[in-house]
Amino acid sequence: MRLSPPLATLALGLSLALPALAQTATPPAQRSAGPPPAQRSAGPPPSAVERKEQGNRVTENLPEIPAELVERLNRYQNTRGASVSGWTKEGCLLVSTRFAETSQVHRVCQPLGMREQLTFHPEPVAGVTVAPPGAWRDGFVYGKDRGGDEFSQLYWFDAQTRESTLLTDGKRSQNGGTVLTRDGGLMAYSSTARNGTDRDIWLRDTRSGQSRVLLQEGGTWSALDFSPDGKRLLVSRYVSANESYPGEVDVASGRLRMFPIDGGKAAFGGFRYAPDGEGVYYVSDEPVDGAPSEFQILRHHQPGQGAPVRVSTAPWDVDGFEVSDDGRHLAYVTNEDGIYRLTVLALPSHRPLDLPALPVGLVGGLAFSPDGKRLAVTLNTTTSPSDVYVIDLDAPALERWTRSEVGGLETSRFIAPTLVRYPTFDQVDGAPRTIPAFYYKPATPAAGGRFPVVVSIHGGPESQALPGFNASIQYMLNELGVAVLVPNVRGSSGYGKTWLTLDNAEKREDSVKDIGALLDWIAQQPELDASRVGVMGGSYGGYMVLASMMHYSDRIRAGIDVVGISDFTTFLTNTEEYRRDLRRAEYGDERDSAMRAVFDRISPLKNAHRIDAPLFVAQGRNDPRVPYTEAEQIAAAVRANGKPVWFLMFNDEGHGFRKKSNSDYFGAASMLFWERHLLAE
């Protein structure tokens with residue numbers, strides 16, 4: 001299982017809530033909260049609608065963005081990162097990075113060498129799977145959708161001809177999760193092509209071009225790994241963040257054999273064949289020696305040799321692992337309170353290797369070189385964007401292969417957060433339960449003695465805010481003088497299975513109470529201004545913004561809701577059919593009358609009259625997860641309260657903003673919103 005590059009895409013967490021901006025060089029003494037009130041356009045009355053359509057962008061009541069603000073943001077908006085996609089046969093690295101509007105595949109053949117762009121699409125490219133060293137042809141498979149609709153199609157990039165070929169149906173189907181046999185002759189992937197709802201496992205003969213459904217059991221299935229001889233395929237059916245069911249398919253007959261699960265139910269991460277093709281390495285939270293396990297642990301099971309053996313030792317989740325093609329090494333990453341730790345083991349002994357010191361931060365994109373002697377990783381820290389490094393396992397030594405731009409900014413000014421824990425409303429074993437949060441504090445003393453605060457709430461909810469590089473946070477810290485708090489409220493991943501389920505179904509608003517407890521904590525900090533607190537979040541985090549404003553409008557000055565859920569019943573009714581049952585497993589089933597009553601009670605839409613603070617709603621028109629109607633209905637409902645409501649929708653985006661010009665515009669609009677509604681006295 002290859003880790004996704006940390007904070008590489010605008011997904012459901014911090015990077016969606018706070019878009020990557022660039023950092024200005026304006027000295028702190030020249031900070032401004034925007035033009036004086038007399039110079040500001042009064043604009044339409046809050047209850048009126050001033051709608052504008054400009055190209056791909058629709059806005060309502062959103063003021064013109066001052067040129068001075070755009071100029072200040074320019075350098076922040078020109079930071080970029082690079083992440084590992086895999087090795088080529090000749091020892092070059094494929095990396096994902098953006099030099100124009102969208103992230104594309106590039107090739108780098110030496111440390112800090114030229115990045116040669118290989119794909120050129122107006123839409124971002126993702127899900128790159130490189131042909132194995134022994135494949136009959138050289139190239140890679142990648143995925144691409146249209147306008148953020150997430151109906152990704154798969155393409156083959158041929159390294160010899162430099163041409164791309166469509167591999168899937170090109171219609172309204174979702175395709176991804178590609179794995180290849182050692183000789184590259186077979187390609188397995190998941191697809192909704194059969195009925196638009198279930199994710200089946202499909203098999204493609206890459207020589208003949210013929211495809212067929214290999215597994216159609218209903219539900220959400222993923223292909224995980226081919227056996228070394230290509231005759232068997234590891235698969236898994238995903239039900240929820242707490243429940244998956246792994247198995248093995250005979251490729252020739254299609255016969256499925258499900259694996260037994262200790263305890264009957266568990267969450268599973270990666271599943272890979274051991275080098276001998278008989279044993280397996282996998283990640284699960286099954287019991288250990290009969291005792292319950294809170295975390296997802298890396299294990300090894302060898303048939304005929306008794307119970308599985310625990311491989312990872314830390315009491316934290318293993319977020320991903322990779323086995324080298326030569327079978328000599330295994331690398332895995334543990335998520336330890338939001339900090340990633342890399343371990344490399346010699347196989348079959350499981351002896352840890354000595355590694356060079358790595359920066360403290362996030363590690364992803366694990367990829368062994370074809371000869372197994374080097375390991376490429378993506379490294380990301382709070383003060384530097386993602387870059388690609390290569391570890392020589394024999395030396396051991398660390399070598400940097402990419403150096404991404406930071407807009408010409410002085411990186412010594414970037415500020416790292418501290419991890420704090422604040423008490424919330426309930427107790428555990430007689431003591432207050434505490435919530436972890438990353439606290440970013442400006443280096444320059446606050447004008448007036450106290451910092452305004454923005455609380456950024458991640459999405460998911462089965463996600464985790466991580467202390468990775470985010471230029472918009474650095475902009476707010478250094479240029480606006482705003483402190484930022486990023487909590488991991490109950491329901492977040494990374495803190496064990498109990499924590500993950502504390503907000504399920506009818507317990508949904510318990511996570512909102514965790515934000516209320518954070519507001520209490522802010523009020524107790526002498527350096528923070530509890531009268532100027534803003535909230536911001538994307539997707540489920542957008543719901544959290546709306547729900548927090550519904551319950552705590554007297555303590556929240558303003559909020560930004562990005563692709564957020566405004567009513568769980570309408571959300572579940574209108575989300576794409578292939579996602580509906582997966583979301584019901586987390587949120588509850590709207591078809592059940594008791595659960596629907598809970599949804600009505602906690603609905604921000606049905607309680608919009610209680611949202612009594614300025615609101616900015618941003619959305620992608622093609623969003624298949626949270627339909628754009630969720631944004632339109634909450635904007636219209638809150639506007640009736642007499643407070644300013646800004647609305648922004650991009651017609652060529654989906655669940656987040658992946659095109660640079662769109663992200664830049666939204667970022668500038670967000671900073672203008674904070675200047676006018678959070679910083680202004």
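Reader: Quick one to start: where is P348?
Author: P348 sits in the loop between strand 25 (339-346) and strand 26 (351-352). Keep in mind that this is a predicted model.

Reader: OK, and what kind of peptide bond joins L347 and P348?
Author: A cis one, with omega at about 10°.

Reader: Why bother pointing that out?
Author: Because most peptide bonds are trans.

Reader: Which peptide bond near 0° omega should I look at next?
Author: Try the bond from G460 to P461, which is cis. P461 belongs to the loop between strand 33 (451-457) and helix 3 (471-480).

Reader: Switching to backbone angles. What's the phi of E150?
Author: Near 65°, so a positive value in a residue that isn't glycine. Most residues other than glycine have a negative phi. E150 is in the loop between strand 8 (139-144) and strand 9 (153-158).

Reader: Is E150 buried or exposed there?
Author: E150 counts as buried, because its relative accessibility is 17% and the cut-off for buried is under 20%.

Reader: And what about D429, what's its phi?
Author: About 55°, again positive in a residue that is not a glycine. D429 lies in the loop between strand 31 (418-428) and strand 32 (431-440).

Reader: Buried or exposed, that D429?
Author: Exposed, with a relative accessible area of 81%.

Reader: New topic, sheets. In what order do strands 11, 12, 13 and 14 come?
Author: The order is 11-12-13-14, in an open sheet of 4 strands with antiparallel pairing. Strand 11 (175-180) and strand 14 (211-215) are at the edges with a single partner strand each, so one side of each has no neighbour in the sheet. From one strand to the next, the twist averages 30°.

Reader: How many bridges join strand 12 to strand 13?
Author: There are 6, between residues 186-191 of strand 12 and residues 200-205 of strand 13, and the two run antiparallel.

Reader: Which residue in strand 13 is the bridge partner of M187?
Author: That's R204.

Reader: Last thing, helix 6. How many residues does it have?
Author: Helix 6 has 13, covering residues 540-552. From first C-alpha to last it reaches 18 Å, close to the 18 Å expected at 1.5 Å a residue.

Reader: How many of the residues of helix 6 are buried?
Author: 12 of the 13, so helix 6 is largely enclosed by the rest of the structure. Among the buried ones are Y540, Y543, M544, L546, M549 and Y552.

Reader: Where do the glycines come into that?
Author: G541 and G542 are also among the buried residues of helix 6.

Note on methods: Residues are numbered from 1 along each chain as its sequence is written. This is a predicted model: local features need pLDDT of at least 70, side-chain atom pairs count only at pLDDT 80 or more; totals for chains, interfaces and linings use all residues. Side-chain values use heavy atoms; hydrogens and water are left out. Two strands pair if DSSP finds at least two bridges between them. Axes are lines fitted to C-alpha atoms, for helices over the stretch in contact, and angles run from 0 to 180 degrees between N-to-C directions. Buried means under 20% relative accessible area, exposed over 50%, partly exposed in between (1.4 Å probe, protein chains only). The expected span of a helix is 1.5 Å times one less than its number of residues.
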